[in-house]
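Trainee: Please take me through one part of this model slowly and in detail, and explain each term as you go. I would like to see how that part fits with its surroundings.

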Amino acid sequence: AKHSGKAQYSFFNAEMMVEHQRRIEVANAIDSAIANGELFVVYQPKHLCDGSIVGAEALLRWQSPQLGFVSPGEFIPIAEQSGKVSQLTQWIINRVCADIEDALLPLGFHHPIAINLSAADLKKYHMLGSIKGAVQKYSIDAGQLEFEVTEHSYLDDFDTTNRFLSDIADMGYSIALDDFGTGYSSLSYLNRIPIDTLKIDKQFVDHIGQSQQDDALVLTIIEMGKRLGMQLCAEGVESKAQLDFLAASGCQFIQGYYFSKPMPLNDLCERLWAAKRSA
Ligand code: C2E
Ligand code: CA
Ligand code: CA
Ligand code: CA
């Protein structure tokens, strides 16, 4: 009735207040998360279409004593907005290098482990030094690390971002373009950036088999990537039908719950060990 507009307005405000409060709490808690050992890493394998494991992506997890489990979908954007994400990136780079040296190399696993980099990381030149430092400390070869970046990273400052990634590429690491197809960029930049692999976003994979147009889109991304000399990795593959379509279309790498969910390092090692014994 007459006052409902006003009531809705204040309700909306209260909700925004709660969200705002939560963001501040999360941002503040990130500072102690590293110092108190609240972060850990899970690894999601990357497979060939036959199921063999040829790499993995490192994904951050956070168990906070005050806030409980906080998903990266929530805390990564908050860390990005509050200028804290590069601390997290440095932490995970060191953790991953240590895990490679302690656990993966002893198993004879020399495939790359991918680390996600945020847009802000690519503007910080000292991040290159952090990467070099960790790699030297743990005696990691360049072939054992890969970096995933999104189109979004290129939006605000193409030249700085591209210089950073070109240096990474010159150092011998491979680079994957994450969430491909969900950004706002035009395609014209694809020829100018040092990308080895296009990751086909889950939203395209989800729609495989739903219409001819949906399938055509996935086929076109694969065809384009190949013509540009890139490899293709499909994200979020959950079904046999999706896998079969992607395999028939020439997509080399598969990631998703169909083959494996993100898992602790120990579980990954068990999988690799079992694969070795049955080989
Ligand atoms: P992303 O890099 O696109 O990672 C893929 C996300 O999809 C992961 O969610 C993964 O667990 C999930 N996923 C993989 N396969 C499937 C599937 O078959 N079905 C479904 N439903 N989901 C699947 P997660 O771990 O919650 O991470 C969410 C996002 O948070 C990541 O998206 C990435 O953007 C960000 N993130 C996670 N860890 C880090 C990190 O260390 N640094 C940075 N900068 N971002 C990170
Ligand atoms: Ca990723
Ligand atoms: Ca992705
Ligand atoms: Ca995604």
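**A close look at strand β6**

Mentor: Strand β6 and strand β7 (residues 197–200) pair in the parallel sense over 3 bridges, where two strands are said to pair if DSSP finds at least two bridges between them. Helices and strands here are DSSP runs, numbered from the N terminus, with H or I over at least four residues for a helix and E over at least two for a strand. This is a predicted model, in which local features need pLDDT of at least 70 and side-chain atom pairs count only at pLDDT 80 or more, while totals for chains, interfaces and linings use all residues. Residues are numbered from 1 along each chain as its sequence is written, chains are lettered from A and ligands numbered from 1 in the order in which they are written, and side-chain values use heavy atoms, with hydrogens and water left out.

Within the pairing with β7, Ala-176 stands opposite Thr-197. Strand β5 (residues 145–150) is also joined to β6, by 5 bridges, and the two run parallel; there, Thr-150 stands opposite Asp-178 of β6. Together with helix α5 (residues 158–170), β5 and β6 make a right-handed β-α-β unit, right-handed meaning that, with the strands pointing away from the viewer, the path from the first strand over the helix to the second runs clockwise.

Strand β6 itself spans residues 174–180 and is mostly covered, since 5 of its 7 residues are buried. Buried means under 20% relative accessible area and exposed over 50%, with partly exposed in between, using a 1.4 Å probe and protein chains only. Asp-178 is buried, with a relative accessible area of 8%, whereas Asp-179 is partly exposed at 26%.

These two residues also lead us to the metal ions. The calcium ion (ligand 3) is coordinated at 2.1 to 2.5 Å by Asp-178 (OD), Asp-179 (OD), Glu-235 (OE) and Glu-235 (OE), and its donor residues are spaced D-D-x55-E in sequence. Donors are N, O and S atoms within 2.8 Å of the metal, or 3.2 Å for Na, K and Ca, and water is not among the atoms, so sites may look incomplete. The calcium ion (ligand 2) is coordinated at 2.2 to 2.3 Å by Glu-57 (OE), Asn-116 (OD1), Glu-148 (OE) and Asp-178 (OD), and the spacing of its donor residues in sequence is E-x58-N-x31-E-x29-D. Asn-116 lies in strand β4 (residues 113–116) and Glu-148 in strand β5, so this pair ties together parts that are 32 residues apart in sequence. Asn-116 counts as partly exposed at 28% relative accessibility, but Glu-148 is buried, with a relative accessible area of 1%. Asp-178 bridges the calcium ion (ligand 2) and the calcium ion (ligand 3), which lie 3.9 Å apart.

To set β6 in its wider context, the protein chain has 9 helices and 9 strands, and 44% of its 279 residues count as buried. Among its contacts with a separation of 6 or more, 68% come from residues 24 or more positions apart, a contact meaning heavy atoms within 4.5 Å.
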